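Student: I am new to this structure and would like a close look at a single part. Could you take me slowly through one sheet, and then show me how that part sits among its surroundings?

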Protein chains: 4
Amino acid sequence: MPSSTSVSVFGASGYAGALAAALLQRHPRFELRTITSRSDVGRRLDELYPRHRVPLEMVELDLDRHGDVDAAIVAYPHHAAAPVVAGLRERGVRVIDLSADFRLTDLPTYEQWYGPHAAPQLFGSAAYGLPELGYRERIAEADVVANPGCFPTAALLGLAPLARAGLVDDVVIDAKTGVSGAGRAATEKTHFVTVDENVAAYGLAGHRHAPEIDQELAVLGAEVTVTFVPHLLPLDQGELISAYVRPSRDVTEQELLDLYAEHYAGERFVELTGASPGVRDVRETNIARIKVTRDARSGRVLVFAAIDNLWKGTSSQAVQNLNLMFGYDEAEGLS
Amino acid sequence: MPSSTSVSVFGASGYAGALAAALLQRHPRFELRTITSRSDVGRRLDELYPRHRVPLEMVELDLDRHGDVDAAIVAYPHHAAAPVVAGLRERGVRVIDLSADFRLTDLPTYEQWYGPHAAPQLFGSAAYGLPELGYRERIAEADVVANPGCFPTAALLGLAPLARAGLVDDVVIDAKTGVSGAGRAATEKTHFVTVDENVAAYGLAGHRHAPEIDQELAVLGAEVTVTFVPHLLPLDQGELISAYVRPSRDVTEQELLDLYAEHYAGERFVELTGASPGVRDVRETNIARIKVTRDARSGRVLVFAAIDNLWKGTSSQAVQNLNLMFGYDEAEGLS
Amino acid sequence: MPSSTSVSVFGASGYAGALAAALLQRHPRFELRTITSRSDVGRRLDELYPRHRVPLEMVELDLDRHGDVDAAIVAYPHHAAAPVVAGLRERGVRVIDLSADFRLTDLPTYEQWYGPHAAPQLFGSAAYGLPELGYRERIAEADVVANPGCFPTAALLGLAPLARAGLVDDVVIDAKTGVSGAGRAATEKTHFVTVDENVAAYGLAGHRHAPEIDQELAVLGAEVTVTFVPHLLPLDQGELISAYVRPSRDVTEQELLDLYAEHYAGERFVELTGASPGVRDVRETNIARIKVTRDARSGRVLVFAAIDNLWKGTSSQAVQNLNLMFGYDEAEGLS
Amino acid sequence: MPSSTSVSVFGASGYAGALAAALLQRHPRFELRTITSRSDVGRRLDELYPRHRVPLEMVELDLDRHGDVDAAIVAYPHHAAAPVVAGLRERGVRVIDLSADFRLTDLPTYEQWYGPHAAPQLFGSAAYGLPELGYRERIAEADVVANPGCFPTAALLGLAPLARAGLVDDVVIDAKTGVSGAGRAATEKTHFVTVDENVAAYGLAGHRHAPEIDQELAVLGAEVTVTFVPHLLPLDQGELISAYVRPSRDVTEQELLDLYAEHYAGERFVELTGASPGVRDVRETNIARIKVTRDARSGRVLVFAAIDNLWKGTSSQAVQNLNLMFGYDEAEGLS
C-alpha cells in the first residue's frame, strides 16, 4: 500500500469537481496534483469557492501532461466525460467518472436517454460505484468506476433491502432535491427568485435517473419500472427520496425493521433511524439516513432516504470509491 | 340580496383566522364586526400581523354579545370549534368552520382520528366547503359549512376528474407544505433552524387528512384507501400535492387533458397548466393550479396541484364559501 | 377627467416592467394597451410570470405603432431608456421612466456614474417621482417622471423629516435588499446557491444610488455626502435601510417622534411604527414602514425604513405617479 | 503535555453547547467525558442533533460527580453560568465560560446590563478569550476564559488593526446575524414564518454586546462609544458586521491593506480578502474573513467581517481557547 496516491480532478469548476478537489486536498492518503477547468482556466479554485479553501489554479486539460497520475476524478458532463476517461485509461490512470457515461450497462438504453456514446469501446466495463450495493470488490479492482447519480444513490440505498428480499412489486419514487443538484450554470431555473418560496416537479417527460434505478434494482432482484419524479426545493444541498412500495406480500413493521437492520449491519455510511430523516441531518456528510415503515392504512411500505446530493450523492462517494480502489480504509478522509 | 352582511371571526390570532379577517375587512360585501382571540385578548390584529393591516382589537368570545351577526368564521382547533359552532347555530348564525369537526360524515371515523365529538347533535349536518367538487348548491343553502383541510383541497381538486371518470384504481399522494401549515405555535418543529435547509416527511403514523380525502374520493366515485404522506419544506406559504395514480385502464395523454379541460371548464379558481405548477404561481391567491400527465414508462397518471395552504387551502376558500352562502359572486373580494 | 387612460409598458419581461403591467391591468382607471420586450417577443407574460396573470403577448417595440397612447412606463436599463423616452415625448406620450436616465439633475454627475447620456436634450426636464418628498404638483404636471431608485426611495423617505428640519450632520446608510433587486438576469450573483445562507456587501467601489440620495437630501436641505453600502440577502422582495445619523444638535426621542408624525401626517403610504419595521410587513404593498429612534449610548439618530423594492421601490410607485399625472386618486389600484 | 485531556460540557442541549460537544468528541487531544442538560436529561445528544453524531446521554449536572475533569465548557445563560463556573473552580477545573458573566471587567457596567453578578468573587479574573486580540498568553495561563460574544468577536477582529493604529475616531457597527444566534428556544421571534422573507433590526433599546465591544476597543487603544445595531436575517448560521469608521486622519486604501496584512500576518484563522466577505465563505469554520476598504466619496473606512456565529463566534473559538490552555496546537481539531 503506497503511503500517498496522486490524483487529479478534471473539471474542477463545477460543484461536484470542486468538492471532490476539496475532499482530496485534505485527505491524508491522496495528493491532489492537478485541477482543470474548461470555463475558468487561470483562476484559483478558492476564488470561485472560498469555502473550499483549495489554493490551486485551474489549468486547461492536457492529457499528455496530466496523465501521469495514479488516479483521476472526471467531473465533466455526459458525452464530454467519455473521451477523457478513455484518454486516461490509455495512459493507465484509474478513473472515477462522475458523469452518466458509464453507469448504464445496456447501450441502447444509454443511447435512448443520452444519444450516441463517445467511447463505446469502454461501455460496460466500469464498476458501479455504490459500495453498499455489494460492489466493493468490483470497485476495488476496477479501472473505471462509474459514480452513481445522486437520485439513484438515495433510491437504491433506500430500496436495496426490499429488492434483495424479493419484496418489491411496484414502486413510486418521489424525490426532492436542493438547487445544487442543478449545477453551477446560472439559468432561469436556478435564479434565486425562481426557486425561493417555491416547489415544483420537473423532468416530467422522463428523467435519466429512472433507467439507472431500474437497472440496479434488477441486479438486486427487483424487475420493476419505477415511477420517478424529482422536485426542486428552496435549499442548496440535500436530497430526500420518498419511496412508496407495493410489497409482493404483506409485511409487518417489525419484519421491515429487522430486514433493514440486518442488511445494513456494519455499514458505516448508512444510518437507520426511527425518526423521519431530514436532509439537514446528513448535510456535508457521506451518510445516507434511512427510515422504513409500513403504512397501516394501505399496507404500502414507505421508505425515506436522505443524503447530501453533493456528498454521498456525488463527490464524497467518489472519494469513498477511491479509498476502495487504492486499498485504504473506506472512511478515510470522510469523517 | 342584502348590500352588506355582518360577519365575525372567532379565533383571529392564528394564521387562518387572521387572514380570514383581513380578507373580509377589504371585502366589498361583508362588514367585519368582531374578532376574538383566546391568547391575545386586548391586542390589535395589526400589531400581531402588520401586513394584514386590520386595525381591530381582539376581544374575548362572548356568544351572547357576539352572536348577533349574519355569519361567522370559526377558526378554532378541532374539539374547541364544535361547541362554538353549536352556540352560534342556536343563535341563528350561519357558520364556516375551519376546523375538522364537521368535515367527516362518519362518526366512528371522526372518533378514531380526533376522539369524542364535542357537538354530536350537529355532526353530519354541514356542507363540505369545496365548491369545485359539486357542492355549490349545498353550500349556498347550508347553515354550517365545513371548510376542507388544506391537503384535501389540493388532493381532491387534483383527483376529482379522474375519480368522477372512474379511473382511479390506486393512488399515492406525496404532499409538500410550507411551515405556515403547522400554525403559529412556536415549537421545535417550526423553529427556523429546524426547517431551514431541510425537508422531511412527517405524520408517518397516519395523518388526519387521509380519511377526509378517502371520504370525498368515494363521493366522487373512487373507493380507495389513499397512501398519503406530507413533507415539511423551508417555505412559508404553499402546498403542492404530487399524486401517483394507477389508472383502472390505460389512458392517453390527450384523454387526460380533455378530461381535465372539460371537468374544469368555467371554474375561475382552477388553472390547468402545461408547465409543472409551482406554489409560487398561486401564492396569495384562491387558485389551484393543476397539471395532469401520463408517465410514459410506467403508465401511471401523474397529477400535480399547487395551492396556497392559507388561501385556497383555508381562508380564501372560506370567503368563497361565504360568497356562495349569501348569494354574492363567488369571486367577490378574491381577485 | 377621462374615465380610462391608455397606457403601455415598454420592457415588460423584467421584474419591474412585468409588475407594472400586472398592476395596470387590474387598475380601474387605466387600460393596458401594449407590452413589449426585447428578449421575449412572442411569449405571453403569464407564461413568464404565471403569478401576475397578465394574458398578453409581448411584442417588439415600434414607436410608430405603439406611440398612440396616453401614457407609457419605460422599464429599460439606463442608456437604453433615454431614446425610448425621447421618442415617446415626440409623439406626445407622457412617460414614467423606471431607469436612472432622468433622475439626476446634474449632467456631469450623471456622466461620471453612467457615461454619456443618450437623450441630453431631455436631461433635467423630468419630475422626480417620489410624491411624499413634496413633488406631487410637479409630478401632476410632468411629461416625464423619473421614477426613483429603490434604495433612494427608502433612504429618502426615512431621512426626509430630519433633512427638512436641518438635523442631518452626517449619515451612514446600510441597506439590505432581496435578490429581485438584482433583476431577472441569471448570473452567478443571482444563483440560488450563491445567495442562500449568505449575506455580503456589494458595490463597494461606489453605488450609483448614492449621488441620487445626496441630490435629493440637498433639495430637502441636507448637504451631505452619504456613506451608502448595500447588502444582498437571501430573500426575494424587500429592502430595509438602516440609517445612522449624526444629528446637528442633540435631540430627544420625543422630538423625533413628533417630527416624523407631523411630517408624515396624512400620508397614506407611510407607516410610522414603534416596532422595528420588517420587510415582511410591507411585502407586495406600496407602503414604506419607518421607525426613528435615538441611540441612548451614542446620541445618534437611527432610522429604519422598509419597503418592497419592486413595489414602492419601483412599480407601484410608478402607478402612484401615474395616478397623480392623470388626476386620479393617488391610491387608486394600489390598496 | 498530556496525550489526552478530559473535558465536560455543561449545558449541551443548546446550540453552542451541542456544537462544543461535537467538536470535542472528534478532537484528537480531548476526551469528552460528561454532557449535561437542564431541559433534556436522559436524552441522547444525537437524538436532539442527529447531524452532530454525539452518541452520549445528557445527565443532570452534579458538580461533586462531574468536577473530576481537567476542563469544562460551561454553556449556560448569563447568571446561571457564574455559580457553575465558581463551583468548578473550587474543584480545580479550568473553565471556558460561553456566557457573558466574565467578559466585562467593570462590575457596574455588568450590573447595568445584566443585573447583580452571581459570583462576584471571580469577577474580573477571567482571560478574554479572543486569541487574535493579543490574549494568547493570558488564555494559556488562565483558569477561567470568558469566551467572547459572537458580535464582539466579529467586530473586534474587524476593527483591531484600526484601533491599535489609533485610527478610530467614531464607529457605527451594523450587524447581521442568522437565527441560530437567538438560540434554540422556540419563540415567535424564531418561528420560521416570522423570519422567512424578512429582515429587521432588533435590540434598539441597547444591546449587551455594545459595552463589551467598547471595553475591548479601549484596551486596543480606541476610546469610543460604538453605535451598534444587530439585524436578524433569514439564514441559520452566519454573522456579518459592517463597520463604518470615521478615521482620526485620512488614510489611503493601500495604507489600510498594509495595516491589516501586517496586523494579521501569521494568523491562521483570519482571512483578508479583496472580495466582499460572505457568511457562506466561513460557514462551519473557525475563520473570520475580513475586508477593509476606503469609501472614496466620504473618506470613511469600511470594514466587513464574516464569521459563523456558532463556530468562531462561540464554540470553535472555545475549542481554540482550550487548545491554548492545554498547550496544544491552536488549530488542533479545527481544520
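Tutor: What follows is a walk through one sheet of chain D, and then through some other parts of the model.

Please keep in mind from the start that this is a predicted model. The part to look at is an open sheet of chain D with 7 strands, whose pairing is mixed and whose order is β8-β9-β7-β10-β13-β12-β11. At its edges lie β8 (200–201) and β11 (270–272) of chain D, each of which pairs on one side only.

Begin with strand β7 of chain D, which covers residues 168–177 and has 9 of its 10 residues buried, so it is largely enclosed by the rest of the structure. On one side, β7(D) pairs with strand β10 (residues 239–247) of chain D in the antiparallel sense, over 9 bridges, and within that pairing V172(D) has Y244(D) of β10(D) as its bridge partner. With strand β9 (residues 227–232) of chain D, β7(D) pairs in the parallel sense over 6 bridges, and here A175(D) stands opposite P230(D) of β9(D). The mixed pairing of the sheet can therefore be followed on β7(D) itself, which has an antiparallel partner in β10(D) and a parallel partner in β9(D), where strands count as paired if DSSP finds at least two bridges between them. As a rule for reading such a picture, the side chains of a regular strand alternate between the two faces of the sheet.

Now move to the edge strand β11(D), which runs parallel to strand β12 (residues 288–294) of chain D and is joined to it by 3 bridges. In this pair, the bridge partner of V270(D) is A288(D) in β12(D). Helix α10 (residues 253–263) of chain D packs on the sheet, where it touches β11, β12 and β13 (301–307) of chain D, and its direction makes about 155° with that of β12(D).

Another residue of this chain can be placed as well, namely A86(D), which is found in helix α4 (residues 81–90) of chain D. A86(D) is buried, with a relative accessible area of 9%, and, leaving aside its neighbours within four places in sequence, it is in contact with A119(D), Q121(D) and L122(D). Between the C-alpha atoms of A86(D) and G149(D), which are 63 residues apart along the chain, the separation is 20 Å.

For a second sheet, turn to chain A, where an open sheet of 6 strands has the order β2-β1-β3-β4-β6-β5 and parallel pairing. Its edge strands are β2 (30–36) and β5 (127–128) of chain A, each pairing on one side only. Inside this sheet, strand β3 (residues 71–74) and strand β4 (residues 94–97) of chain A run parallel and are joined by 4 bridges, with A72(A) standing opposite V95(A) in β4(A). Helix α4 (residues 81–90) of chain A packs on this sheet and touches β1 (5–10), β3, β4 and β6 (144–146) of chain A, while its direction makes about 165° with that of β4(A).

In chain C, look at a pair of helices, α7 (residues 150–164) and α10 (residues 253–263), whose axes come within 10 Å and cross at roughly 105°. That crossing makes α7(C) roughly perpendicular to α10(C). The contact is made by G158(C), L159(C), A160(C), P161(C), L162(C) and R164(C) of α7(C), together with L256(C), L259(C), Y260(C) and H263(C) of α10(C), and by class it has 7 nonpolar, 2 polar and 1 charged residues.

A last point of detail in chain C is H79(C), which lies in the loop between β3 (71–74) and α4 (81–90) of chain C. Its phi is near 75°, a positive value in a residue other than glycine, and at 28% relative accessibility H79(C) counts as partly exposed.

Finally, consider how the chains are related. Chain C can be laid on chain B with an RMSD of 0.0 Å by a turn of 180° and a shift of 0.0 Å along the axis, which is the relation of a two-fold axis. Of the residues of chain C, E197(C) comes closest to that rotation axis, at 4.4 Å for its C-alpha. Because 100% of the interface residues of chain C are also interface residues in chain B, the copies meet through the same surface.

Note on methods:
Residues numbered from 1 in each chain as written. Chains lettered and ligands numbered in written order. Predicted model: local features only at pLDDT ≥ 70, side-chain atom pairs only at ≥ 80, totals over all residues. Heavy atoms only, no water. Least-squares fit on C-alpha atoms with pLDDT ≥ 70 in both. Contact = heavy atoms within 4.5 Å. Buried < 20%, exposed > 50% of the residue type's maximum accessible area, 1.4 Å probe, protein only. Helix = DSSP H or I, 4+ residues; strand = E, 2+ residues; numbered from the N terminus. Axes fitted to C-alpha atoms, helices over the stretch in contact; angles between N-to-C directions. Parallel < 35°, antiparallel > 145°, perpendicular 65-115°, else oblique. Nonpolar A, V, L, I, M, F, W, Y, C, P; charged D, E, K, R; others polar.
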